[in-house]
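Hello,

Here is the structure I promised to pass on. Please open it first, then read my notes below.

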Amino acid sequence: MISEALSKMSVKDYKAVPVVIKEEASVYDAIVTMFLEDVGTLAVVKNKGTLAGVVSRKDLLKAAIGNQNLQDLPVSIIMTRMPNIITCEVDDSLIEVANKLIHYQIDSVPVVRPMDDGYEVIGRITKTTITKAFVELGKEKEV
Ligand code: ADP
């Protein structure tokens, strides 16, 4: 029963809004955005809004150690870049994405829509999303 309920949970029903930053933005801007938006990972996008990479808390910490001028350091230099980004799409099941988080040892994946010239970022699935779904599953079981 649980595995049936799990396979029905879809990315489209659980995805959070995307939090993005332009690739020309500085490491300083990325740190500020991370605090203001209260997230642990930012999607980095090109001018047209297509996915260029992702930057995590530890990427920013690493860049900040020993670097004086974070305002002059573009985030695109330190991000993990495409095509090495693990993504998911709206019709994927949540359990598939949870497996990716475990397998690749990452905290979040961008939800993307394939376009002619790349991938548009339309959301994100994070460890928090999965935890919320897990709690919901527990509630369903009680009734
Ligand atoms: P943190 O580094 O803050 O612990 P993560 O575990 O999510 O956060 O990130 C680990 C590394 O993996 C970082 O270098 C980050 O840029 C990269 N990363 C994060 N998310 C993804 C993703 N969806 N696809 C590929 N690499 C990612």
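**What I found**

Ala-63 is part of helix α4. Keep in mind throughout that this is a predicted model. Ala-63 has a relative accessible area of 8%. The cut-off for buried is under 20%, so Ala-63 counts as buried. Its C-alpha atom is 9.9 Å from that of Met-79, and the two residues are 16 apart along the chain.

Leu-61 belongs to helix α4 too. Is Leu-61 buried or exposed? Leu-61 is exposed, at 55% relative accessibility. The cut-off there is over 50%. From Leu-61 to Phe-134 the C-alpha distance is 30 Å, with their positions 73 residues apart in sequence.

**The chain as a whole**

The protein chain has 143 residues, and 39% of them are buried. It holds seven helices and six strands. Starting at the N terminus, the order is α-α-β-α-β-β-α-α-β-α-β-β-α. Along the principal axes, the C-alpha atoms fill a box of roughly 55 × 35 × 25 Å.

**The ligand site**

Now to the ligand. Its space is the largest pocket. Three elements each give two or more residues to the shell around the ligand. These are β3 (51–56), α4 (57–64) and β5 (108–115). So helix α4, where Ala-63 and Leu-61 lie, is one of the elements named for the shell.

How many residues surround the ligand? The count is 15. Ser-56, Asp-59, Thr-80, Ile-86 and Asp-107 are the closest. By type, the shell splits into six nonpolar, five polar and four charged residues.

Three polar contacts are worth a look on screen:

- Asp-59 uses its side chain: an N or O atom there is 2.5 Å from an oxygen atom of the ligand.
- Arg-57 uses its backbone: an N or O atom lies 3.4 Å from a ligand oxygen.
- Gln-105 also uses its backbone, with an N or O atom 3.4 Å from an oxygen atom of the ligand.

How much of the ligand does the protein bury? Taken alone, the ligand exposes 540 Å². The protein buries 83% of that area.

**Backbone points to check**

Gln-105 deserves a second look. This residue is not a glycine, yet its phi is positive, at about 55°. Gln-105 sits in the loop between α6 and β5. Its relative accessible area is 72%, so Gln-105 is exposed. That value counts protein chains only as cover. The ligand is therefore left out of the figure for Gln-105, although a backbone atom of Gln-105 contacts the ligand.

Asp-38 is another case. Its phi is positive as well, about 55°, and Asp-38 is not a glycine. You will find Asp-38 in the loop between α3 (27–37) and β2 (41–45). Asp-38 is exposed, with 68% relative accessible area.

Which peptide bond is cis? It is the bond from Met-82 to Pro-83, with omega near 5°. Pro-83 falls in the loop between β4 (80–81) and α6.

**Two buried helix residues**

Thr-33 is in helix α3. Is Thr-33 buried or exposed? Its relative accessibility is 19%. The limit for buried is under 20%, so Thr-33 counts as buried. A polar atom of the Thr-33 side chain is 2.7 Å from the backbone oxygen of Asp-29.

Leu-101 is in helix α6, which covers residues 94–104. Leu-101 has a relative accessible area of 5%, so this residue is buried. Leu-101 and Leu-137 are 36 residues apart along the chain, and their C-alpha atoms are 19 Å apart.

**Where to start**

I would open the ligand site before the rest. Begin with the Asp-59 side chain, 2.5 Å from a ligand oxygen. Then go to Gln-105, which pairs a backbone contact to the ligand with a positive phi. Finish with the cis bond between Met-82 and Pro-83.

Best wishes

Key: Residues numbered from 1 in each chain as written. Predicted model: local features only at pLDDT ≥ 70, side-chain atom pairs only at ≥ 80, totals over all residues. Heavy atoms only, no water. Near = heavy atom within 4 Å. Polar contact = N/O pair within 3.5 Å; in protein donor to acceptor, adjacent residues only side chain to side chain. Areas by Shrake-Rupley, 256 points an atom, 1.4 Å probe, with all protein chains shown as cover. 1 Å grid on protein atoms, 1.4 Å probe; cavity = no way out; pocket = protein on both sides within 12 Å on 5 of 7 lines; lining within 4 Å. Sits in = over half its atoms within 2 Å of the grid points. Helix = DSSP H or I, 4+ residues; strand = E, 2+ residues; numbered from the N terminus. Nonpolar A, V, L, I, M, F, W, Y, C, P; charged D, E, K, R; others polar. Buried < 20%, exposed > 50% of the residue type's maximum accessible area, 1.4 Å probe, protein only.
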